[in-house]
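Work through the exercises below with the sequence and the model at hand. Each task is followed by a solution in steps.

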Amino acid sequence: MSEEKQIRAYKFRLYPSKKQTELINYQLWLSKELWNHMLSVCKSKYNKEKKFPTKKELRELVKNKGLFSQVGQELADRLIDAVNRKIKLKKKAGFPRFKNFSQMKSLVYPQFGFSLGEKLKVTPFDEISIKKHREIKGEIKTLTIKRESSGKFYAIFTVKEEKQQLKINSGNAAGMDLGLMNFAVLSDGTFIRNPHHLKKWEKRLAFFQRKLSRKQKRGRNRIKARIKIAGIHEKIANVRNDFLHKTANMILSNYSLIALENLEIRDMAMNNHGKNINDAAWSKFMNILSYKAESAGSRVVFVNPKNTSKECSSCGNIVQKSLFERIHNCKNCGLSIDRDLNASINILNRSRNAQRISRDLPDKANRATLGSRGSNACGDRTEVLPMKQEAHEFIHG
Ligand SMILES: [Zn+2]
């Protein structure tokens with residue numbers, strides 16, 4: 001039995017009362033003021049003494065200023081960690097910036113000050129209504145209260161839990177072509193359509209964006225329209241996220257090996273032509289698929305994307321075609337099938353060849369085109385947090 005643990009984040013919608021909403025917003029405002037104060041202290045100390053304050057010194061600055069002690073300490077630590085990250089990584093990380101109210105989105109409780117029952121009891125807001133749409137298994141470590149741009153509040157819990165036992169998946173191998181007409185086509189002929197309810201929300205978004213552009217600058221209605229638009233953006237992100245998670249679960253429960261094109265290489269080859277709105281969804285999907293793979297007992301491999309849509313999956317002949325030709329017609333062997341299906345079969349074949357080669361040649365040769373990624377499990381609407389930095393981004397957005 002393995003004793004390994006993993007950290008998972010759960011995000012639940014909060015329904016604070018009007019009074020609680022005011023109080024949370026006040027605490028966020030206070031956090032923003034303290035953040036900016038600490039940051040100016042950091043800068044002036046550095047200008048005078050060529051060094052930054054210590055964690056302890058910063059923590060003194062937030063003491064007894066009206067924030068719950070733990071939340072204040074976390075804020076000080078978050079700032080000094082960001083400063084240190086900048087020093088350590090040089091150019092890679094940005095220096096922390098002054099924030100305005102809308103940029104201060106979260107209050108973090110690293111250990112104490114909250115308990116979760118029917119409602120979420122948290123200092124100093126008392127009991128807040130919460131929608132727990134799934135059960136938390138494991139030990140709750142931290143709580144973040146987060147305000148999204150739409151004005152909605154969420155509670156994010158990080159939870160330490162046992163790593164699940166690995167399963168063995170006895171499904172087939174499949175190649176997968178991600179596309180525009182369909183979200184994906186699998187080499188066994190399965191077509192996965194783009195979620196059509198997304199269109200409805202995108203239309204609504206366009207409608208309100210047009211409306212916003214007609215509103216007077218600085219008017220009350222303009223602010224209202226902004227909030228409405230932020231809400232629709234959030235809705236679209238949720239619908240898309242749901243779709244990506246459900247699709248990944250479906251695929252991982254049916255196939256033991258999933259081969260995909262390495263999109264980084266493909267993007268370079270396409271020289272950014274044909275880059276489209278789906279790119280973000282694709283790379284997110286690949287991440288979800290990769291980190292869920294291990295616990296599903298499946299493997300995800302990436303293959304060289306060169307000519308996957310031109311090459312004939314039956315005879316290897318190169319068949320030139322424009323983006324608009326939907327059918328692959330091979331004059332050499334007579335194969336006539338959907339172009340994306342042809343591509344997905346090529347992708348599957350490449351994963352097989354690559355595997356065979358990688359067994360014969362132990363090193364280097366295949367690393368560029370064949371990479372296997374797979375890590376932890378995760379349910380719908382929760383995220384496994386592999387690294388501290390990613391956890392930070394997930395929580396603070
Ligand atoms: Zn052919």
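Two residues are in contact if their C-beta atoms, placed from the backbone, lie within 7 Å. The model is predicted: local features need pLDDT of at least 70, side-chain atom pairs count only at pLDDT 80 or more, and totals for chains, interfaces and linings use all residues. Residues are numbered from 1 along each chain as its sequence is written.

**Exercise 1. Find the residues in contact with L120, leaving aside its neighbours within four places in sequence, and place L120 in a nonpolar core.**

Step 1. With those neighbours left out, L120 is in contact with L14, F114, I128, I130 and A155.

Step 2. A nonpolar core is a set of buried Ala, Val, Leu, Ile, Met, Phe, Trp, Tyr and Cys residues joined through C-beta atoms within 7 Å. A residue is buried if 20 or more other C-beta atoms lie within 10 Å of its own, exposed if 12 or fewer, and partly exposed in between.

Step 3. L120 belongs to the largest nonpolar core, which has 33 residues. The residues with the most contacts inside this core are M38, L75, A76, L79, L120, L143 and A155. A second, separate core has 29 residues, including A184, V300, F302 and L348.

Step 4. For the protein as a whole, buried residues make up 27% of the 397 residues. Of the contacts with a separation of 6 or more, 66% are between residues 24 or more positions apart.

**Exercise 2. Describe how helix α4 packs on helix α5.**

Step 1. Helices (H or I, at least four residues) and strands (E, at least two) are DSSP runs, numbered from the N terminus. The protein has nine helices and 16 strands.

Step 2. Axes are lines fitted to C-alpha atoms, for helices over the stretch in contact, and angles run from 0 to 180 degrees between N-to-C directions. The axes of α4 (residues 197-214) and α5 (residues 220-254) come within 10 Å and cross at roughly 165 degrees.

Step 3. Angles under 35 degrees count as roughly parallel, over 145 as roughly antiparallel, 65 to 115 as roughly perpendicular and the rest as oblique. α4 and α5 are therefore roughly antiparallel.

Step 4. A crossing is left-handed if the near helix is turned anticlockwise from the far one by less than a right angle, and right-handed if clockwise. For α4 and α5 the crossing is left-handed.

Step 5. Among the α4 residues that meet α5 are W201, L205 and F208, and the α5 residues there include I229, I232 and I236. The contact has ten nonpolar (Ala, Val, Leu, Ile, Met, Phe, Trp, Tyr, Cys and Pro), eight charged (Asp, Glu, Lys and Arg) and two polar (the others, Gly among them) residues.

**Exercise 3. Do the same for α2 and α3.**

Step 1. Helix α2 (residues 55-62) and helix α3 (residues 69-89) have axes that come within 9 Å and cross at roughly 140 degrees. That makes α2 oblique to α3.

Step 2. The crossing of α2 and α3 is right-handed.

Step 3. K55, L58, R59, L61 and V62 in α2 meet residues of α3 that include L75, A76 and L79. By class, this contact has seven nonpolar, two polar and three charged residues.

**Exercise 4. Which non-glycine residues have a positive phi, and which peptide bond is cis?**

Step 1. K50, in the loop between α1 (18-49) and α2, has a phi of about 60 degrees. K50 is exposed, with 7 other C-beta atoms within 10 Å.

Step 2. D126, in strand β5, has a phi of about 65 degrees. D126 is partly exposed, with 14 C-beta neighbours inside 10 Å.

Step 3. The cis peptide bond joins T123 and P124, with omega about 0 degrees. P124 lies in the loop between β4 (120-122) and β5 (126-131).
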